[in-house]
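Open your viewer, pick a cartoon view with side chains on call, and follow along stop by stop.

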Amino acid sequence: TGSNTGVGFETAKGLVQRGYHVILACRSRQKGLDAAEKINKHFVACSGAGVDSKNMVGKASFLKPLDLASFASIRSFCEAFSE
């Protein structure tokens, strides 16, 4: 599963909650951007609702589309990640 829905999304959200910077891997640019925004907004909303987020330094971000069925996509993602 990608990180914009299902188990991948919930895993990314859990890692962000624990303070990690998570780079979301999604085939769709828009779905990746939307998922990152949704995760980050969730924790901003929690901080205003009395949830202790002082130690939460994590965030979700989307770098670029990644299709694991395409070697060209994987190569391109790795190059962007290395920069």
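Start by selecting Lys41 and Glu37, which both sit in helix H2, four residues apart, or about one turn of the helix. Keep in mind as you look that this is a predicted model. Show the side chains: Lys41 forms a salt bridge with Glu37, and their closest N and O atoms are 2.9 Å apart. Buried or exposed, where does Lys41 fall? Lys41 is exposed, with a relative accessible area of 53%. Glu37 has 40% relative accessibility, so Glu37 counts as partly exposed.

Now move to helix H1 and select Glu10 and Lys13. They are three residues apart in H1, again about one turn of the helix. A salt bridge joins Glu10 to Lys13, with the closest N and O atoms 3.7 Å apart. Both partners are partly exposed: Glu10 because its relative accessibility is 45%, and Lys13 because its value is 22%. How many salt bridges does the model hold by this rule? The count comes to two, and you have now visited the pair in H2 and the pair in H1.

Stay on H1 and try the distance tool. Helix H1 covers residues 6-17, twelve residues that should span 16 Å at 1.5 Å a residue; its end C-alpha atoms are 17 Å apart, which agrees. Next, colour the buried residues of H1, which are Gly8, Phe9, Ala12, Gly14 and Val16. Just after H1, select Gly19, where phi is positive at about 100 degrees.

For the interior, select Phe9, Ala12, Val16, Val22, Leu24, Cys26, Ala35, Ala36, Ile39, Phe43, Ala60 and Phe62: these twelve residues make up the largest nonpolar core. Two or more residues of this core come from each of H1, strand S1 (21-24), helix H2 (29-47) and strand S2 (59-62). Which element gives the most? H2 does, with four residues. In soluble globular proteins, nonpolar side chains tend to be buried together.

Centre the view on Phe62 and display what surrounds this residue. Beyond its neighbours within four places in sequence, Phe62 is in contact with Leu24, Cys26, Ser28, Arg29, Gly32, Leu33 and Ala36.

Finish on the outside. Select Ile23, Leu63 and Phe81, which form a nonpolar patch on the surface with about 250 Å² of accessible area together. To place Phe81 in the fold, highlight helix H3 (residues 71-82), where Phe81 lies.

Technical notes:
Residues are numbered from 1 along each chain as its sequence is written. This is a predicted model: local features need pLDDT of at least 70, side-chain atom pairs count only at pLDDT 80 or more; totals for chains, interfaces and linings use all residues. Side-chain values use heavy atoms; hydrogens and water are left out. Patches are made of residues with over 30% relative accessible area and no salt bridge: like charges are joined within 9 Å, nonpolar side chains (Val, Leu, Ile, Met, Phe, Trp, Tyr) within 5 Å. Accessible areas come from the Shrake-Rupley method with a 1.4 Å probe; for residues, only the protein chains shown count as cover. A salt bridge is a side-chain nitrogen of Lys or Arg within 4 Å of a carboxyl oxygen of Asp or Glu. The expected span of a helix is 1.5 Å times one less than its number of residues. Buried means under 20% relative accessible area, exposed over 50%, partly exposed in between (1.4 Å probe, protein chains only). A nonpolar core is a set of buried Ala, Val, Leu, Ile, Met, Phe, Trp, Tyr and Cys residues joined through side-chain atoms within 4.5 Å. Contact means heavy atoms within 4.5 Å.
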